[in-house]
Amino acid sequence: MTPFRGKLRIRHLEIVLTVAELGNLSKAAAQLHSTQSGLSRAIAEIEELVGARLFERTARGTTCTPLGDTMCRHARLLLTDFRKAEVDLAAVSRGDEGSLTVGCFSMFAGWPVAEAARAYRQAYPRITLTIEIGTHERLIEDLDAGALDVLISRFSSTVNPQIYRSTTLLEDPVVLACATHHPLAQLPGATLADYVVYPWITALPGSRIRGELEMSLRQAGLAIPDMIGALSLEFGREMLLDGLYLWMLPGSVAAIRQARGELVVLADRPVLRKSPLAAIWRRDRPSTRQARAFAVQLELAIQVDAAALTA
């Protein structure tokens, strides 16, 4: 390995990541607005700078060597830091006080994160606020890469407490809900045996919750209903309009929507482990004042609405 400080450029990092992600020189060249021969020369230049091969070329495409994998990991971190610096500098140049990027697990993007965002903007109008919404798995990757300042998501057993620290915001069960005009809405004594007759909107196939759900139903001697895996509030809301689907939701989110008259929370529910909703940070990065303040606004939104629902 040869020293390359001062020699590697941002463009080099972008090339390495693009080739690694696409695994095809022709596709990578098109995305980078280059020719395949030009990209090959660029890769050779980068490999000369680091003093070793980063890619293996085969008939099936281009794959990373172990050194290439390591290079990609650092390239993601460096490029993310550059982009974060650009956002912060742009905010300060506009007279703002910096920026905050919050990752939000999609099922909490409405309540309570939207309420917290409104309150945060009022309290900190000079902070450039960005909310990234997605699945827990993708957002954890973004948090690892430094693209997020804080992640609002479930702190499940898959989250390593040695790597991440958290502030618990609430603990609630997963429940099933239906449209206000659904047949089950008029049967307060209905049970899971009645529910499985209808199609469900659930967690994604292969996820922990989906696996626990199917196991719970089998252990209860019930059939697995027709399921659509989706983690989208908009999709779930539209599917309820059909009048037949049941929707699996965090209990707190379902309670808020029931209070608004949007749905009915069903009394019975499958046995699933609880995972607390939490504000999550990397332990190897200090939390910022802005991120801690956003977590406080979330706690306040949850406390206020929880009090209103129990009043």
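**Group meeting: a three-domain predicted model**

Let me start with a detail: Y120, Y124 and F294 form one aromatic cluster. Before I go on, note that this is a predicted model, so please take each value as computed from it.

Staying with the rings, how many aromatic pairs does a search of the whole structure find? The search returns 3. One is formed by F105 and F108, whose ring centres are 6.3 Å apart. The planes of F105 and F108 make an angle of 50°, and the pair is classed as tilted. The cut-offs matter here: planes under 30 degrees apart would be stacked and those over 60 edge-to-face, so a value between them is tilted. Are these two rings buried or exposed? F105 has a relative accessibility of 11%, so F105 counts as buried. F108 is buried as well, at 0%.

Next, the overall layout. The chain is divided into domain 1, residues 10–74, domain 2, made of 96–171 plus 276–310, and domain 3, residues 174–263. Domain 2 is therefore written as two segments. How far apart are the C-alpha centres of domain 1 and domain 3? The figure is 45 Å. The C-alpha trace of the protein spans about 70 × 50 × 35 Å along its principal axes.

In secondary structure, the protein has 11 helices and 12 strands. Of the 311 residues, 45% are buried. Taking contacts between residues at least 6 apart in sequence, 73% are between residues at least 24 apart. The accessible surface is about 16100 Å², and carbon and sulfur atoms account for 54% of that area. As for charge, there are 34 positive and 33 negative side chains. The centres of those two sets are 5 Å apart.

Now the backbone. Most residues other than glycine have a negative phi, and most peptide bonds are trans. I have one departure from each pattern to show.

The peptide bond between W111 and P112 is cis, with omega at about 5°. P112 sits in the loop between β3, residues 98–105, and α5, residues 113–123. F105, from the tilted pair, falls within the range given for β3, and Y120, from the cluster, falls within that of α5.

The other case is H33, whose phi is positive, near 55°, although H33 is not a glycine. Where is H33? H33 is in the loop that runs between α2, residues 25–31, and α3, residues 36–50. H33 counts as exposed because its relative accessibility is 75%, and exposed means over 50%.

Two more loop residues. T65 is placed in the loop between β2, residues 61–64, and α4, residues 66–93. T65 has a relative accessibility of 8% and therefore counts as buried. Which residues does T65 touch, leaving out those up to four places away in sequence? They are R53, L54, F55 and E56.

G261 is in the loop between α10, residues 251–259, and β11, residues 264–265. At 48% relative accessibility G261 counts as partly exposed, because the exposed class is reserved for values over 50%. From G261 to T35 is 57 Å, C-alpha to C-alpha, and 226 residues in sequence.

That is the tour: aromatic rings, layout, backbone and loops.

Key: Residues numbered from 1 in each chain as written. Predicted model: local features only at pLDDT ≥ 70, side-chain atom pairs only at ≥ 80, totals over all residues. Heavy atoms only, no water. Helix = DSSP H or I, 4+ residues; strand = E, 2+ residues; numbered from the N terminus. Buried < 20%, exposed > 50% of the residue type's maximum accessible area, 1.4 Å probe, protein only. Contact = heavy atoms within 4.5 Å. Areas by Shrake-Rupley, 256 points an atom, 1.4 Å probe, with all protein chains shown as cover. Lys, Arg positive; Asp, Glu negative; His and termini not counted. Charge placed at Lys NZ, Arg CZ, Asp CG, Glu CD. Phe/Tyr/Trp six-rings, centres within 6.5 Å; stacked < 30°, edge-to-face > 60°.
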